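Trainee: I would like a close look at one part of this model, the buried interior. Please take me through what packs there, and then through the places where some caution is needed.

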Amino acid sequence: MSDTSPLPPVRLASEPELARDALATPLLSRAARLARWAGPATRVDAGGALVPEQLPAAAGELGLDGDDAAAWASEAWRLAVDTGLVEITDEEEGTVTAGAELRLLTGGSPHDVLTVWLSALDAVLADASVPDLDGLIDAMDEGGAVDLSTLDWDPQAEAEFLDGVLANLYLLTVGEEGPAGAPVPLPALAASMIVPSDMGEPTDDILEQVSDAMMRLDDQFRLLEPVGLVDYRPVDEALLEDTGEAADGEGAERTGEAAGTPVTDDEVEVARYGMVRLTPLGLYGMRARLLEAGHDAPAVGDLADKGADALLDGTAAFPPAATHAETEQWLARREPLAAARELLAAARGTDAGAPLRRLRCQQALSLVGAVAEPALREVLDDAELGGLARVWLTERGLPDVPPPTQDMIFWLTIDTVAAQLAAEGESDELHALVQGLAEQHSGFFAAAWRVDHPRTADVLEAMGRLHPDKKIAKEARKAAFKARSAQGG
């Protein structure tokens with residue numbers, strides 16, 4: 001993501017819940033255990049790694065055995081050093097002591113714990129962008145330095161690719177296109193970074209790039225799962241040969257199918273290509289990284305302690321479910337009648353964002369009970385809010401609601417369409433609304449151009465684009481011209 005446009009708001013678990021998750025992650029919990037285990041007799045080499053003679057004892061402390069026990073212990077120790085859980089006290093002697101960050105894990109606040117976990121995440125992400133050890137060894141010169149020119153590896157490009165993949169995964173998770181928290185097929189994630197959005201059938205070269213990216217991501221997600229960023233189901237080992245030969249035919253075809261539409265409707269078959277999802281802790285970590293990178297990454301609840309003006313403007317670009325959740329939290333902190341009055345006051349205005357503010361106000365008031373009735377009756381004669389108030393009172397079957405004037409009906413109609421345009425663009429729902437308006441009111445356009453609303457001409461022009469009947473669309477465009485002339489534009 002290269003721009004700084006607002007992202008959909010994320011729903012985060014509470015900090016105490018996230019801190020518990022962080023402490024339970026395999027990698028951080030092992031690093032903390034080794035930090036507590038370390039003492040005056042612990043020895044490290046010049047790079048801060050445990051000397052080979054100490055790895056069996058470290059693995060034993062972690063309860064690890066088997067061929068990979070020493071490697072896992074070494075990885076946990078390296079994380080302890082990278083995050084400050086241990087500190088090297090004597091570089092010449094290679095001795096260590098517990099670091100200040102360890103005290104944060106054991107006695108700090110949930111926020112302190114999450115701060116340490118974010119450091120661990122940064123360290124693991126840096127490791128995940130590095131080629132495998134064999135490749136690095138092959139690239140070493142006689143002095144032990146790595147000659148990057150001999151590797152097909154650009155450190156910055158690799159880190160940016162992984163960041164982009166994780167950002168796309170974040171978008172898929174916080175958006176409302178699919179089930180919240182549903183795992184994403186690995187081929188689709190790889191394709192989101194490689195296949196151009198305007199490409200029809202992917203070429204063999206593109207399919208091969210997707211296949212290569214899948215294999216890189218498979219290795220990287222295996223590294224990222226122990227730190228708690230993702231839940232990951234790896235690529236089926238039986239498929240690795242197919243994807244490795246993707247450019248030769250069947251493998252490429254199957255990888256390409258998985259990158260766009262699933263190979264079959266069988267979820268088991270799709271899952272064989274790898275499935276990944278961000279954990280609740282991963283959502284927290286990715287949002288923190290996006291904020292640090294300068295992105296506008298809101299979280300549900302950010303506006304709960306702000307004024308109604310901030311709520312109505314802040315939720316303008318939110319998807320419906322997020323708007324609802326944010327508004328519920330905002331209302332929960334306020335007395336209903338006072339909240340209704342504050343919302344109505346914030347909904348006034350003639351600026352470009354005012355129609356959408358009034359729509360968000362109307363949606364918020366739908367969550368307030370009949371106790372808000374006095375606030376709505378107070379604005380019945382308001383030119384901008386009177387129509388909205390009548391709708392609210394009528395929907396609740398309350399008595400003595402004065403009928404709206406013709407001018408008020410037309411003004412509210414223009415305001416509503418303007419708000420829908422701002423919220424959803426020229427959506428299918430707006431197409432239906434425009435068609436219904438023209439059918440219900442035969443003289444709609446003859447009267448609508450006279451409406452004293454700053455968006456009248458824009459709304460009528462949009463109706464001209466949206467209506468399927470050419471004759472009616474022409475009437476709308478003529479009315480828009482008259483409205484613009486009347487407004488001096």
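Mentor: What follows goes from the core to a helix pair, then to single residues and the confidence values.

This is a predicted model. Across the chain the pLDDT averages 86, and 87% of the residues score at least 70.

Start with the core. The largest nonpolar core holds 78 residues. Leu85, Trp117, Tyr170, Phe221, Leu224, Leu229 and Val230 are the ones with the most contacts inside it. Helix α6, residues 110-128, supplies the largest share of this core, 11 residues. A separate core of 28 residues lies apart from it and includes Cys361, Val368, Ala375 and Val379.

Leucine 85 shows what such a position touches. Setting aside neighbours within four places in sequence, leucine 85 is in contact with Leu28, Ala31, Ala32 and Ala35, among others. Its contacts also include Ala80, Ala98, Gly99, Glu101, Leu102, Leu105 and Val116. Glu101 and Gly99 are thus on the list beside the alanines and leucines.

Next, a helix pair. Two packed helices are described by the angle between their axes and the distance between those axes. For helix α1 (residues 15-24) and helix α14 (residues 280-292), the angle is about 105° and the axes are 9 Å apart. The two helices are therefore roughly perpendicular to each other. On the α1 side the contact is made by Glu15, Leu18, Asp21 and Ala22, and on the α14 side by Pro280, Leu281 and Tyr284. Sorted by class, this contact has five nonpolar residues, two charged residues and no polar ones.

Now some single buried positions. Alanine 347 belongs to helix α17, residues 336-347. With a relative accessible area of 0%, alanine 347 is buried, because the cut-off for that word is under 20%. Beyond four places in sequence, alanine 347 touches Leu312, Ala354, Arg357, Arg358, Cys361 and Leu385. Alanine 347 and leucine 385 are 38 residues apart in sequence, with their C-alpha atoms 8.0 Å apart. Cys361, touched by alanine 347, is also one of the residues of the 28-residue core.

Loops hold buried residues too. Threonine 315 sits in the loop between α15 (308-314) and α16 (320-332), and it is buried at 1% relative accessible area. Outside its neighbours within four places, threonine 315 is in contact with Leu303, Thr323, Glu326 and Arg360. From threonine 315 to glutamate 326 is 11 residues along the sequence and 7.8 Å between C-alpha atoms. Threonine 42, in the loop between α2 (26-37) and α3 (55-61), counts as buried at 4% relative accessibility. The C-alpha atoms of threonine 42 and threonine 97 are separated by 8.6 Å, although the two are 55 residues apart along the chain.

For contrast, take a loop residue on the outside. Aspartate 400 lies in the loop between α20 (386-395) and α21 (406-424) and is exposed, with a relative accessible area of 69%. Most residues other than glycine have a negative phi. Aspartate 400 is not a glycine, yet its phi is positive, about 60°.

Last, the caution. Over residues 243-264 the pLDDT stays under 50. The model has 41 contacts beyond four places in sequence for that stretch. Where pLDDT is low, the predicted coordinates should not be read in detail.

Note on methods: Residues are numbered from 1 along each chain as its sequence is written. This is a predicted model: local features need pLDDT of at least 70, side-chain atom pairs count only at pLDDT 80 or more; totals for chains, interfaces and linings use all residues. Side-chain values use heavy atoms; hydrogens and water are left out. A nonpolar core is a set of buried Ala, Val, Leu, Ile, Met, Phe, Trp, Tyr and Cys residues joined through side-chain atoms within 4.5 Å. Buried means under 20% relative accessible area, exposed over 50%, partly exposed in between (1.4 Å probe, protein chains only). Helices (H or I, at least four residues) and strands (E, at least two) are DSSP runs, numbered from the N terminus. Contact means heavy atoms within 4.5 Å. Axes are lines fitted to C-alpha atoms, for helices over the stretch in contact, and angles run from 0 to 180 degrees between N-to-C directions. Angles under 35 degrees count as roughly parallel, over 145 as roughly antiparallel, 65 to 115 as roughly perpendicular and the rest as oblique. Ala, Val, Leu, Ile, Met, Phe, Trp, Tyr, Cys and Pro count as nonpolar, Asp, Glu, Lys and Arg as charged, and the others, Gly among them, as polar. pLDDT is the predictor's confidence in each residue, from 0 to 100.
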